[in-house]
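Hi,

Here is the structure I promised to pass on to you. Have a look at it first, and then read on for my notes.

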Amino acid sequence: MQVEFDVKMDARSLSGFVIYHNYMRPGGVIGLILSVVAIVSLIIRWADWTSVQRCLLIALALLFLVFQPLMLLKKANDQLNSDAFKYPMHYRFDENGFEISQGDKSEAYVYTDIRKPVFHKKVMYLYMTTVSALIIPKSRCESDYDTIKEMVKSGRAR
């Protein structure tokens, strides 16, 4: 069986990936934990902190809960406006592997080339390296999403 579809990257899909990728790494998790600890410390021991310490704890909490996500969304928006996402990518999956083409460029892969697949309800990320992934929104391949998911899983198991 062969499945083909096009993906024109949208802001929601790319932003979702950038947020997921950054917050699922050790640095992102540590940042979230530090922010939560700062908020809890502020609430529990408000009277024990000086105004300078309170400001520092508020800044620490805001750093990972507000500022970093905003910077990541800006980064995703900048990437979306780059040449790499200007034109849609065409995907073709079959039992042996998959091919990605954009314009006159084309690359073929076998499923074992995928470093790590991540399947969510509305999107799949196929990590080809530790920092880059193919983002495949379910909305772009609708009824074939589960078929592609099974092809990836069975192809990696070989």
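Below is what I found in one sheet and the helices packed on it.

Please keep in mind that this is a predicted model. The sheet is an open one, built from 3 strands in the order 5-6-7 with antiparallel pairing. Strand 5 (116-119) and strand 7 (133-137) sit at the edges, each pairing on one side only. On average, neighbouring strands are turned by 10° against each other, ignoring direction.

Two helices go with this sheet. Helix 1 (residues 11-23) packs on it and touches strand 5, strand 6 and strand 7, with its direction at about 60° to that of strand 6. Helix 5 (residues 145-157) lies across strand 5, strand 6 and strand 7 as well, and runs at about 150° to strand 5.

If you want a place to zoom in, try the strand 6 and strand 7 pair. A hairpin of 5 residues joins the two strands, and 5 bridges link strand 6 (residues 123-127) to its antiparallel partner, strand 7. You can follow the register from the facing residues: Val-123 is opposite Pro-137, and Tyr-127 is opposite Ala-133.

How many residues of strand 7 are buried? The count is 5 of 5, so to speak of this strand as mostly covered is fair by the under 20% relative accessible area cut-off. In a regular strand, side chains alternate between the two faces of the sheet. Here both faces of strand 7 are covered: Ala-133, Ile-135 and Pro-137 are buried on one side, and Leu-134 and Ile-136 are buried on the other.

Happy browsing!

Conventions:
Residues numbered from 1 in each chain as written. Predicted model: local features only at pLDDT ≥ 70, side-chain atom pairs only at ≥ 80, totals over all residues. Heavy atoms only, no water. Pairing = 2+ DSSP bridges. Helix = DSSP H or I, 4+ residues; strand = E, 2+ residues; numbered from the N terminus. Axes fitted to C-alpha atoms, helices over the stretch in contact; angles between N-to-C directions. Contact = heavy atoms within 4.5 Å. Buried < 20%, exposed > 50% of the residue type's maximum accessible area, 1.4 Å probe, protein only.
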